[in-house]
Amino acid sequence: MRKSQSLVILLSTLLGLAASAATAASFDCKKLQIAGHDYDLSPLANQVVLETNAKTPPTTTGTKYAINPCAPLTPEPDTVPKIDRCPENAWVCRSVTNYKEGQGPRLTEVGSVAGEKSSDYPAVEARTSGNQPPAEFHWKMAGSRQADQSTWSTDIKFVCSKSAKNTDLPKLLEFKDGVLSLEWTVPAACALDDTSGGDGDKGGDKKPDDGDKSTAGSGGIFSSLMSIFVAVFMLYLVVGVMYRFLVVRARGLDLVPNLGFWREFPYLVSDFARHIWDTVGGRRRGGYSVTPYAVNHELVADTPPGGFELLQVQQLTRHGARYPTHGEMEDIKHVYEMLRPIIPASWILYDLIDTRNAGLLSRSGEREIAGIAERAKTRYHDIFDKVALMPESVKFVSSDRQRTRVSAQTFRDVLSEDIPNLRQVVAVPQENDTTLAMHHICPAWIRDSARLREYEIALETLKFDSLNGQTILWTINLRLGSAKAVKLMHDVDTIYRLCGYDLSLYNNAYRWCSLLDPVMTEYLELRRDIEYSRVYGPYGSDVNKKMACAMFTEILADTDRALDNPAAAVSTFRFAHAETMMFVSSLLKLETRLGKDSSPIVGNMTLADAKDRGFKTTFLAPFSTNLAIELYRVGRKAGFFRLLLNEQVISLADCVGDICPIRVLREKLAAHVGCNFTAVCQVDE
């Protein structure tokens with residue numbers, strides 16, 4: 001047990017002050033001693049984030065506090081510019097972001113409000129009366145020194161409450177004169193030897209009851225309740241079976257009423273037990289989403305393999321993480337208003353419903369694209385080395401949307417730091433765009449996708465909801481602590497998207513993602529992929545497999561020119577949308593290479609089949625997803641290619657190894673190269 005370096009106890013008739021300055025060589029949340037009593041703050045050993053927004057016309061100012069009362073904050077990834085990161089050794093970090101209509105967010109301030117050096121630890125102060133453990137205490141720590149020579153600091157008032165939850169977030173009181181004041185009411189703030197019950201529990205003043213009478217009474221009530229429960233359950237079972245036999249004409253196992261629920265019942269019990277355990281233990285569950293781009297640095301493809309000379313790169317990249325679209329914002333507003341009374345205020349982020357941000361590239365999206373550009377600079381240095389003498393050897397093309405234009409510009413700007421003479425980004429006007437945002441100008445696709453949504457997609461989604469919806473709604477409402485807070489699967493889908501935005505824009509898994517678990521997110525992604533795989537993917541209209549034909553006609557034409565004259569090869573970096581990535585995947589049949597099962601996605605898919613499916617938007621279309629076709633030659637033999645998906649090698653069918661003859665790609669695309677896009681999209685009268 002750590003001993004405090006200073007412990008001062010002042011006693012008076014009514015009140016004593018016990019101040020314990022926790023400035024020892026270490027700070028152990030699990031073994032904290034205050035005024036002679038043991039405390040365990042380890043259930044709070046997670047990074048939590050509080051956010052506020054204020055109108056500062058003509059802008060909106062958002063302030064974010066990242067807090068961990070037990071250890072320094074987890075360092076931000078290297079993709080975040082060092083100047084934008086929270087200082088090293090910070091336990092509490094404050095960042096201020098400015099938003100202005102028509103512009104992306106701008107980080108204006110970041111600094112430590114607690115912790116500056118690795119030897120810094122918090123001090124703990126408490127007031128107590130007699131031998132009673134303190135019902136509240138203050139956690140204090142100094143932060144970084146500012147330009148005006150003042151020092152920021154944090155004062156967290158911990159309040160004991162056994163009726164609260166360790167997952168509850170602290171309350172932001174104020175940030176004034178450089179001091180951040182918080183109040184955190186949690187069971188972890190109660191002494192381990194505290195038997196008072198907290199929250200003003202007066203149980204100690206009650207007179208003891210007769211033990212024999214209490215035991216007998218409890219047993220009688222329990223037996224009566226159990227008898228009633230068994231009788232009601234048997235009545236439910238008999239009436240349900242009779243109804244299904246006589247009215248529904250069901251047979252066999254289908255006679256059991258609510259069979260889907262009872263099949264899931266063991267999992268519900270397991271999830272409920274895990275939820276109780278997490279709540280009591282103060283654990284936080286991370287979230288999952290199809291949204292963020294997560295590069296696995298261990299699997300990132302190396303520079304060109306030995307013996308192969310890289311001639312050309314054709315790369316297609318989805319824009320980085322963006323803010324919700326107008327339609328998504330309406331759904332998010334609805335969920336905010338519906339759940340406002342029961343969720344922490346910090347869960348409501350106004351920049352996600354500010355229509356001025358709708359569809360715009362976010363700061364985190366720029367960082368994702370910048371990271372991809374940095375790795376491309378290393379992987380394709382042979383290509384970029386030619387730019388100084390041949391500026392036309394590399395070009396950048398985007399669709400005519402802010403999020404793709406800025407993504408392309410960010411990619412180019414990162415390269416231009418070391419590579420001079422790069423050409424400017426070219427944005428293709430939407431009315432002429434047959435390669436990057438082609439679905440907007442294709443009447444046949446618009447017609448077919450509407451039909452699919454109205455019939456097949458609606459049917460499979462209904463099938464999914466009838467089998468899984470009740471369980472998902474029940475679980476989310478359990479975690480919200482309200483039996484009927486969320487009633488529609490459409491609102492669950494919005495919560496799933498909010499989790500994705502929390503992860504991709506704020507790197508936060510402790511708000512909306514805390515309502516989900518791995519199994520639930522697997523199912524919710526499956527539910528969304530029922531639609532995506534048909535509207536944009538391989539299981540819908542035949543038009544889907546032809547939508548990328550104009551792009552691949554361009555790519556193979558560039559490839560042929562590079563093979564004929566390697567010195568004049570042109571590499572193209574294209575920036576487009578999730579829809580584009582899925583159209584490309586459909587044409588290349590990537591779903592057959594990414595999973596064990598490439599059969600159409602249906603609403604009654606088992607969890608095992610869902611995990612094995614080849615079409616998963618987590619692989620094919622997260623923010624910043626990218627597909628690269630690298631063209632090689634060996635000596636005088638030209639005509640080999642390597643395919644990368646999200647910077648990792650993926651082999652097409654008929655390829656042996658990572659490097660494949662270009663003829664395999666030509667054969668796969670033979671039916672689509674040279675297509676007439678207008679004819680493909682024509683709708684017969």
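The legends below describe an overview and several close-up views of a predicted model.

**View 1. The protein chain as a whole, with its helices and strands.** The protein chain of this predicted model contains 16 helices and 21 strands. Of its 685 residues, 48% count as buried, and the accessible surface of the chain comes to about 32900 Å², with 54% of that surface belonging to carbon and sulfur atoms. When contacts between residues at least 6 apart in sequence are considered, 70% of them join residues that are at least 24 apart.

**View 2. The ring pair of Y65 and F175.** A search of the whole structure finds 24 aromatic pairs, and one of them is shown here: the ring centres of Y65 and F175 lie 6.2 Å apart while their planes meet at 50°, so the pair is tilted, an angle under 30 degrees being called stacked and one over 60 edge-to-face. The two partners come from distant parts of the chain, since Y65 belongs to strand β6 (residues 59-67) and F175 to strand β12 (residues 171-176), with their positions 110 residues apart in the numbering. Y65 has a relative accessible area of 3% and is therefore buried, the limit being under 20%, whereas F175, with a relative accessible area of 26%, is partly exposed.

**View 3. A cluster of phenylalanine rings, and a charge over a tyrosine ring.** The residues F384, F396, F411, F573 and F575 together make up one aromatic cluster. Also shown is R379, which is placed over the face of Y380 at a distance of 5.5 Å from the ring centre.

**View 4. A nonpolar patch on the surface.** The side chains to look for are those of V238, M242, Y243, F245, L246 and V247, which form a nonpolar patch on the surface and together have about 600 Å² of accessible area. One of these residues, M242, lies in helix α1, which covers residues 211-248. The relative accessibility of M242 is 47%, and because this value falls between the 20% limit for buried residues and the 50% limit for exposed ones, M242 counts as partly exposed.

**View 5. Helix α11, a mostly covered helix.** Helix α11 runs through residues 578-588, and 10 of its 11 residues are buried. Among the buried residues of α11 are A578, M581, M582, F583, V584, L587 and L588, and the list also includes T580, S585 and S586. After α11 comes K589, a residue with a positive phi, near 60°.

How values were computed: Residues are numbered from 1 along each chain as its sequence is written. This is a predicted model: local features need pLDDT of at least 70, side-chain atom pairs count only at pLDDT 80 or more; totals for chains, interfaces and linings use all residues. Side-chain values use heavy atoms; hydrogens and water are left out. Rings of Phe, Tyr and Trp (its six-membered ring) pair if their centres lie within 6.5 Å; planes under 30 degrees apart count as stacked, over 60 as edge-to-face and the rest as tilted. Helices (H or I, at least four residues) and strands (E, at least two) are DSSP runs, numbered from the N terminus. Buried means under 20% relative accessible area, exposed over 50%, partly exposed in between (1.4 Å probe, protein chains only). A charge sits over a ring if NZ of Lys or CZ of Arg is within 6 Å of the ring centre and within 35 degrees of the ring normal. Contact means heavy atoms within 4.5 Å. Accessible areas come from the Shrake-Rupley method with a 1.4 Å probe; for residues, only the protein chains shown count as cover. Patches are made of residues with over 30% relative accessible area and no salt bridge: like charges are joined within 9 Å, nonpolar side chains (Val, Leu, Ile, Met, Phe, Trp, Tyr) within 5 Å. A salt bridge is a side-chain nitrogen of Lys or Arg within 4 Å of a carboxyl oxygen of Asp or Glu.
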